[in-house]
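Here is a set of exercises to work through with the structure open beside you. Each task is followed by a solution that goes step by step.

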Amino acid sequence: MKRVLETGEKQTLIQETRSGKKLLVTGNIVYNDKNNIKYVVTYAQDVTELEKMKLYVKMIEGEMETIKSELKELQSKQSAAPHIIAKSEPMKHVVSLINRVARSNTSVLLTGESGVGKTLLAEYLHNQSGRKGKFVTINCSSIPESLLESELFGYDAGAFTGANPKGKKGLVEEAKGGTLFLDEIGELPMNLQAKLLTFTQSKEFIRVGETTPISLDFRLVTATNVNLKERIEDGKFREDLYFRLSVIHIPIPPLRERREDLLSLIIELTQKFNQRHQQEKVLDHAVIDHLLHYKWPGNVRELANLMERLVLTIDDNLIQQEHIPKEFISNYQKENSLRFQVLEEKTLPEMMQELETQILQKAFASCKSTTEMARQLGVSQPTVVRKLQKYGIKKTT
């Protein structure tokens with residue numbers, strides 16, 4: 001009331017009582033006929049619960065912002081992460097094992113035939129690990145042996161003729177805080193195998209032309225399509241390095257051993273390449289049947305190459321049997337085709353008579369009476385008797 005009188009205007013404020021309650025208090029002026037203040041009317045409303053609600057809502061809003069931020073980060077990771085199809089038991093086992101060891105820093109060796117998806121699974125392992133650094137891939141067979149050491153570990157300024165005058169950071173340094181994936185590890189030269197062994201044990205390396213070691217936090221994952229134990233026996237691979245790399249050894253099954261995944265892979269790859277090349281191609285059922293019975297010696301890589309080729313090179317939106325290369329016509333389809341050609345040598349009535357005879361013979365051998373045969377075959381008993389006589393089916397002594 002004092003503030004209303006001082007200002008000559010309506011006032012609203014929050015007051016707190018001795019008991020801790022909060023009141024929303026409003027004061028307003030009532031004038032008389034001569035425009036003088038006659039009354040100051042005040043009224044109060046308990047807003048204690050409302051204030052509590054405001055604090056609660058503010059807290060919830062803060063939590064929601066945190067959740068939104070975390071969800072956005074998770075979605076970003078998931079969109080970048082490779083999608084692994086694992087409906088078959090062998091692939092379920094592989095994915096389960098990767099998920100179990102992903103959070104550790106233990107070295108992992110992935111083995112399997114060329115094209116089974118070792119790089120994809122290595123990247124999946126990195127994404128599951130929660131490491132903040134990069135996933136760095138180095139193909140040990142694609143870099144010339146003379147340059148491999150300098151490419152891996154980097155070099156100091158002027159370390160050798162033709163070197164960058166400012167020096168160069170090695171590929172392994174790019175994996176700081178992340179995962180270093182060495183593909184085709186079986187092709188690593190013997191002289192570098194010793195350095196790699198030291199590097200994996202100490203997590204330290206020395207650039208070419210320098211003497212000061214550099215420490216590095218990383219997770220090592222390697223892969224190969226060759227038998228490293230045979231390489232060891234041939235004196236082409238260090239046994240101590242093998243044991244260091246294969247603390248966790250995960251064999252990847254070839255595509256022919258994970259047939260339950262094949263249909264999902266075909267569908268996903270078709271969608272992937274349709275999206276990449278702005279196409280709307282659809283596979284005919286006969287094409288899918290051929291692909292499901294093909295042996296896939298080149299594994300998932302061969303399947304991916306074929307699907308991209310079909311999406312890009314076929315004019316029609318419907319990809320049909322005549323569009324796929326001859327080598328992908330499976331033996332199963334050829335056998336069916338041959339069987340049908342044999343059947344074509346007979347007329348339809350002849351084929352139907354042959355089939356009916358076989359059915360009657362089986363029923364006659366398993367049933368005790370013509371009445372039981374009729375019930376089993378869903379026809380009348382006189383019909384059964386007539387057909388037995390027609391085809392000369394009778395008990396032999």
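A residue is called buried when its relative accessible area is under 20%, exposed when that area is over 50%, and partly exposed in between. Please keep in mind that the model is predicted.

**Exercise 1. Trace the open sheet.**

Task: Find the order of the five strands in the open sheet, and say which strands lie at its edges.

Solution:
- Step 1. Reading across the open sheet gives β5-β8-β11-β4-β12, and the pairing is parallel.
- Step 2. Strands that pair on one side only are the edges, and these are β5 (135–139) and β12 (248–251).
- Step 3. From one strand to the next, the twist averages 20°.

**Exercise 2. Follow the neighbours of β8.**

Task: Work out how many bridges join β8 to β5 and how many join β8 to β11, then look for the residues that stand opposite Phe-181.

Solution:
- Step 1. On the β5 side, five bridges hold the parallel pairing with β8.
- Step 2. On the β11 side, β8 (residues 179–183) pairs in the parallel sense with residues 219–224 over four bridges.
- Step 3. Now take Phe-181: Thr-137 stands opposite this residue of β8, and its bridge partner in β11 is Val-221.
- Step 4. Move along to Leu-182, whose bridge partner in β11 is Thr-222.

**Exercise 3. Check the cover on β8.**

Task: Are the residues on the two faces of β8 buried or exposed?

Solution:
- Step 1. Recall that in a regular strand the side chains alternate between the two sheet faces.
- Step 2. Sort the residues by side: Thr-179, Phe-181 and Asp-183 belong to one, Leu-180 and Leu-182 to the other.
- Step 3. Residues on both sides are buried, so both faces of the strand are covered.
- Step 4. The count agrees, with five of the five residues in β8 buried.

**Exercise 4. Map the largest nonpolar core.**

Task: Identify the residues that touch the most other members of the largest nonpolar core, and the element that gives the largest share.

Solution:
- Step 1. As background, nonpolar side chains in soluble globular proteins tend to be buried together.
- Step 2. The core has 28 residues, and those touching the most other members are Val-172, Leu-180, Leu-182, Ile-185, Phe-199 and Phe-237.
- Step 3. At least two residues of this core come from each of β5, α5 (145–153), β8, α7 (190–202), α8 (228–233) and α9 (239–245).
- Step 4. The largest share, four residues, belongs to α7.

**Exercise 5. Place three salt bridges.**

Task: For the pairs Glu-174 with Lys-134, Glu-187 with Arg-231 and Lys-387 with Glu-356, find what parts of the chain each one ties together.

Solution:
- Step 1. Side chains of opposite charge can pair when their charged atoms come close. The cut-off here is a nitrogen within 4 Å of a carboxyl oxygen, and the model has 12 salt bridges.
- Step 2. The closest N and O atoms of Glu-174 and Lys-134 are 3.2 Å apart. Glu-174 is in helix α6 (residues 171–174) and Lys-134 in the loop between α4 (118–129) and β5, so parts 40 residues apart in sequence are tied together. Glu-174 is partly exposed at 30%, while Lys-134 is exposed at 51%.
- Step 3. Glu-187 and Arg-231 meet at 3.4 Å, N to O. This pair links the loop between β8 and α7 to helix α8, parts that are 44 residues apart in sequence. Glu-187 has a relative accessible area of 35%, so it is partly exposed.
- Step 4. Lys-387 and Glu-356 have their closest N and O atoms 2.9 Å apart. Here helix α16 (residues 381–391) is tied to helix α14 (residues 348–366), with the two positions 31 residues apart in sequence terms. Lys-387, at 24%, and Glu-356, at 25%, are both partly exposed.

**Exercise 6. Examine two asparagines with positive phi.**

Task: Asn-35 and Asn-299 each have a positive phi; is each one buried or exposed?

Solution:
- Step 1. Phi is near 65° for Asn-35, which sits in the loop between β2 (22–31) and β3 (37–46). Its relative accessibility is 56%, so Asn-35 is exposed.
- Step 2. Phi is near 60° for Asn-299, a residue of helix α12 (residues 299–313). With a relative accessible area of 0%, Asn-299 is buried.

Notes. Residues numbered from 1 in each chain as written. Predicted model: local features only at pLDDT ≥ 70, side-chain atom pairs only at ≥ 80, totals over all residues. Heavy atoms only, no water. Pairing = 2+ DSSP bridges. Axes fitted to C-alpha atoms, helices over the stretch in contact; angles between N-to-C directions. Core = buried A, V, L, I, M, F, W, Y, C linked by side-chain atoms within 4.5 Å. Buried < 20%, exposed > 50% of the residue type's maximum accessible area, 1.4 Å probe, protein only. Salt bridge = Lys/Arg side-chain N within 4 Å of Asp/Glu carboxyl O.
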